[in-house]
There are 2 protein chains.
Amino acid sequence: MKPFGRYRTHGAGTLRDEHDGETVTLAGWVDRRRDHGGVAFLDLRDASGIVQVVADAGEGEAEEVLAAAHDVRGEWVVQVRGTVRRRPEGMANPELATGAVEVAAESLDVLAVAETPPFPLTERVETDENLRLEHRYLDLRRPGVGDAIRLRARITSVIREVMERHGFLDIETPMLTRSTPEGARDFLVPSRLQPGSVYALPQSPQLFKQLLMVAGLERYYQIVRCFRDEDLRADRQPEFTQLDVEASFVDEEDLYGLVEELMATLWERVLGVEIPTPFPRITYEAAFARYGTDAPDTRFDLRLTDLGEVFSGTEVGVFRSALDEGGSVIGWRLPDGGQLSRKQFDGWVEFAQRRGAKGLAWGVVESGEGGSGPALRSPLSKFMADDEITALLVATQARLGDAIFFGAGPTRQTQELMGALRVAAAREHELVPAGKWAFTWVTEAPVVEWNVDEARWEAVHHPFTAPTDDSLHKLEADPAAARARAYDLVLNGTELGGGSIRIHRRDTQERVFDLLGVGHEEAREKFGFLLDALAYGAPPHGGIAFGLDRLAMLMADKRSLRDVIAFPKTQSGSDPLTSAPAPVDAAQLRDLGLRTLPKE
Amino acid sequence: MKPFGRYRTHGAGTLRDEHDGETVTLAGWVDRRRDHGGVAFLDLRDASGIVQVVADAGEGEAEEVLAAAHDVRGEWVVQVRGTVRRRPEGMANPELATGAVEVAAESLDVLAVAETPPFPLTERVETDENLRLEHRYLDLRRPGVGDAIRLRARITSVIREVMERHGFLDIETPMLTRSTPEGARDFLVPSRLQPGSVYALPQSPQLFKQLLMVAGLERYYQIVRCFRDEDLRADRQPEFTQLDVEASFVDEEDLYGLVEELMATLWERVLGVEIPTPFPRITYEAAFARYGTDAPDTRFDLRLTDLGEVFSGTEVGVFRSALDEGGSVIGWRLPDGGQLSRKQFDGWVEFAQRRGAKGLAWGVVESGEGGSGPALRSPLSKFMADDEITALLVATQARLGDAIFFGAGPTRQTQELMGALRVAAAREHELVPAGKWAFTWVTEAPVVEWNVDEARWEAVHHPFTAPTDDSLHKLEADPAAARARAYDLVLNGTELGGGSIRIHRRDTQERVFDLLGVGHEEAREKFGFLLDALAYGAPPHGGIAFGLDRLAMLMADKRSLRDVIAFPKTQSGSDPLTSAPAPVDAAQLRDLGLRTLPKE
């Protein structure tokens, strides 16, 4: 692409052999300058790459250029006119795309001088992240850092292309809206026109996109900022970006097909990788049973094994009591885990304890004495009958030299523990294949789960998710058994996004509200407009939402969401660049009908 | 386009002659139902249009279908399977795109029932806007209303295509940021993590886009939500959308070219209209002199005429004193204005008085007595010499039967008055050609203007706008004469957008801050990060921003911004649909370190 703007004829990084002899004008930053035998070499950098500029000794103009080249320093902004020439024999730089050529400078103008940056603008820096974020405009000049932002822009561009190809309309929903039921997490925005009243920033445009379906707009998408005012975990941002999708007259298969096409196109166009579709599907229950999580990492198999049958008559105390109390005994095989040291095994036991488990048992499969079948070296083996051990090895498919870990206790809790162990141990022992992209649909989550602390039913997805046709009748009779027409897309063990077919009938929506204990007045107050809308003829509809930051992070192969956000916030929600948030001004508050609380 | 989703095989509005005999499945809303001779006719509506569905009398299945068709009511959601057939001879409906055919229903399923809407879903409704916004999901079903939202989506799609064709990257900037100098208008967002501190919602991403240029990202665009917490004028929204653009190593011509290509592509692709480029340009001063505004409506010519020379020796008292005090006498010719009644002239005098003018004089060009040259019928004519009248007619190009209006007073004020008169009178007397699109660049605005009330210099664009090279030296000596490298794009008298080449040198930026009376501490506090950034090598850069809502409104030929926003707010900043903003909850405030002010 010809560079945009009159300051140059070519991008620095685009010059090649074929430009030999051409007069070019370049503009960019001095990446590096060095002098060698009366010749000045500048590496000139712009968004397209780097090229070497040479100022030879000479007379008249050449002398001036050399003098100017002597003066410039790193990160100065310069404009150079010169002639492209092949580098002398043996001087080509194969590490640079432009390494076969250089530009012999005929003029050099300084467009802006620069102070020395507070940290080196190299790929790896040791500098404290706060300092880098404070100077984010320099941080983004570092190799790889700005690239992640460019990659993200490519991602959004491809997303839009795919969505619009299928007739989805980019429709903007309000940012200044009303506090939602999960109100505790809303950012509030006081209104000057109506002092004492507040808007809320949206956690998602869920209700608005459903209303757009009721309005007959049929296909909606938006790449939209969402907000959540909560304690920031290691890698959360108070504002984040969502790809939000909703369509009318669709079922699950329509959305699977759309999303699979979207992902395949993204991977092909952005990463040049072909990913097979359709994606495998697994039910929510099966995901917990096999992987101990609803976001399974399926890059590697190594499933959990339910050992309830194997140990139905067990004399191992912890197994016995877990099973008697309706819980589970779950095993997980670590291939060649027999090589682990005692200390390593202890490490995994601690790992389990840190997660609140009472303990974690383990055993190693060894040859039995005197040529008999394999035996289990384990503190527990003396409580196990031979046929139990045989059944155990069959069930877990364990082979000589493998280790088996055992968890016992309440089922879901034990699944989650063993699932966490599976992922952590597979990573530590390098059982996760590199460069693999494993997508999985997780389907049929429950409609509700019992919240023990608050003693009430709680939506697993959200209150607008449709129950499956065959579990509609369970909403009152056996809520825990009702399945939702919900789906999550999981990639390499990370939830990329989730969605559902929504309730489109008012009576069903009211039944779900009843189940969730949303009183009629509360429902009226908070969701009145949705209930009203459902009364006026809503089409069957459904959608999905993806965390764009996370998607970009995975595709850019970065470790933090902050790496794919141009101006991210720290863990305390601060922006070291602008010093936001800033202490509030009393006069500003007064206009809003507010004042600060006295210090306690 | 094949409709998305399994509920149908075709869009209702896509059926034509060529589908004769095909079995189709449709889904949508019942637009209208009527019975006629034992046959039920349904107009079935979806996003693609409307088609007539017929349920004939018959036996077995047909009877069931007819019964079902009898039951359905307007706005119910139904799915219909049937066969497309040509309508009987003479029964075609030319007003409907599908009018040549109808669908003979073989099955009809009700997907959702609907209550009767609170207002008719017809093109024109008398209903109060509040009620319509409260049921916006119904309002959007009305013909033309949803179409404006669809048109807007097409606009954003074309914008993205053009920007990305030129290598511009869609980069997101923060929504939770820091209060800017025009802080009085910021929406504040209290932080739960840092009670007593606030974020501000951005009025524009100005500083961030400049920082992206300093970061070397070179080409940025974003379709971005911005916020302004101020009294809402008749047609303002507290949140609005901006097309925001910035590029490095560019000058004005680069941006003119880009924007002209963008507009030409938009008009061609969205409206099918070819608009000529390049657009005419006019300086800020010339715009005021000729049109009395910096946003001239150039669909019609009818310029203002400075009459200072004509009346240099005038004995008309108000002209004399205006000129003696350094002000102006300005004339405007209304073609055939001689036909205006006395009452109409009085109306224009009142128009001027409402705008704060002392008065407005007028005259009508008539034939002189006894075959002499034209004469001026005016209360003022007795104070005018014959040669003044002759010079006046030459200067204004007035002809027999025209009226001439005269304003006198301080120059800018008089220009503005006459400019407002020009537009209002041209509209009233239908001198504005229909269907014309007149784009104009307005250039070379002053860098600063004197704010009389606050007795200080104030930026005309914003403090980051670069002065022209040849007025840099005037910043201290003669600030009012310094011209900015700024440009506004005006369409049919409405400012579509504006931008500038920015200051990219720290010393210049500091000089402008000094001129604006931004103290060093204040500059440090509020713009420190920009000044810092400029110290580290900023490229020459510039950009532009457009009000997307206004652009969409003009292209959709709507009268209000609310017509092109899916969920707009009323003039008091309320959303009748969600009842936002809502009274704040004391507990929520407490978490933010805030409480309400006691009522006074």
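Student: Is Arg152(B) buried or exposed?

Tutor: Buried means under 20% relative accessible area, exposed means over 50%, and partly exposed is in between (1.4 Å probe, protein chains only). Arg152(B) comes out buried, with a relative accessible area of 8%. Keep in mind that this is a predicted model, where local features need pLDDT of at least 70, side-chain atom pairs count only at pLDDT 80 or more, and totals for chains, interfaces and linings use all residues. Side-chain values use heavy atoms, with hydrogens and water left out, residues are numbered from 1 along each chain as its sequence is written, and chains are lettered from A and ligands numbered from 1 in the order in which they are written.

Student: Which residue forms a salt bridge with Arg152(B)?

Tutor: For a salt bridge, look for a side-chain nitrogen of Lys or Arg within 4 Å of a carboxyl oxygen of Asp or Glu. Here the partner is Glu172(A), and the closest N and O atoms are 2.7 Å apart. This pair crosses between chains: Glu172(A) sits in the loop between strand 6 (169-170) and strand 7 (188-190) of chain A, while Arg152(B) is in helix 4 (residues 145-165) of chain B. Helices (H or I, at least four residues) and strands (E, at least two) are DSSP runs, numbered from the N terminus. Glu172(A) is buried too, at 18% relative accessible area.

Student: How many salt bridges does the structure hold?

Tutor: There are 102 over all chains. One of them joins Glu102(A) to Arg85(A), with the closest N and O atoms 3.0 Å apart. Glu102(A) lies in strand 5 (residues 101-112) and Arg85(A) in strand 4 (residues 77-86), both of chain A, so the pair ties together parts that are 17 residues apart in sequence. Glu102(A) is buried at 5%, whereas Arg85(A) is partly exposed at 27%.

Student: What about Arg8(B) and Asp46(B)?

Tutor: They form a salt bridge as well, with 3.3 Å between the closest N and O atoms. Arg8(B) is in the segment before strand 1 (23-36) of chain B and Asp46(B) in strand 2 (residues 39-46) of that chain, so this pair ties together parts 38 residues apart in sequence. Both residues are buried.

Student: And how many disulfides are there?

Tutor: A disulfide is a covalent bond between the sulfur atoms of two cysteines. The cut-off is a pair of cysteine sulfur atoms within 2.5 Å. A search of the whole structure finds 0 over all chains. Cys226(A) is in no disulfide.

Student: Why is Cys226(B) without a bond to Cys226(A)?

Tutor: Because its closest cysteine sulfur, in Cys226(A), is 17 Å away, too far for a bond. Cys226(A) is buried, at 0% relative accessible area, and Cys226(B) is buried, also at 0%.
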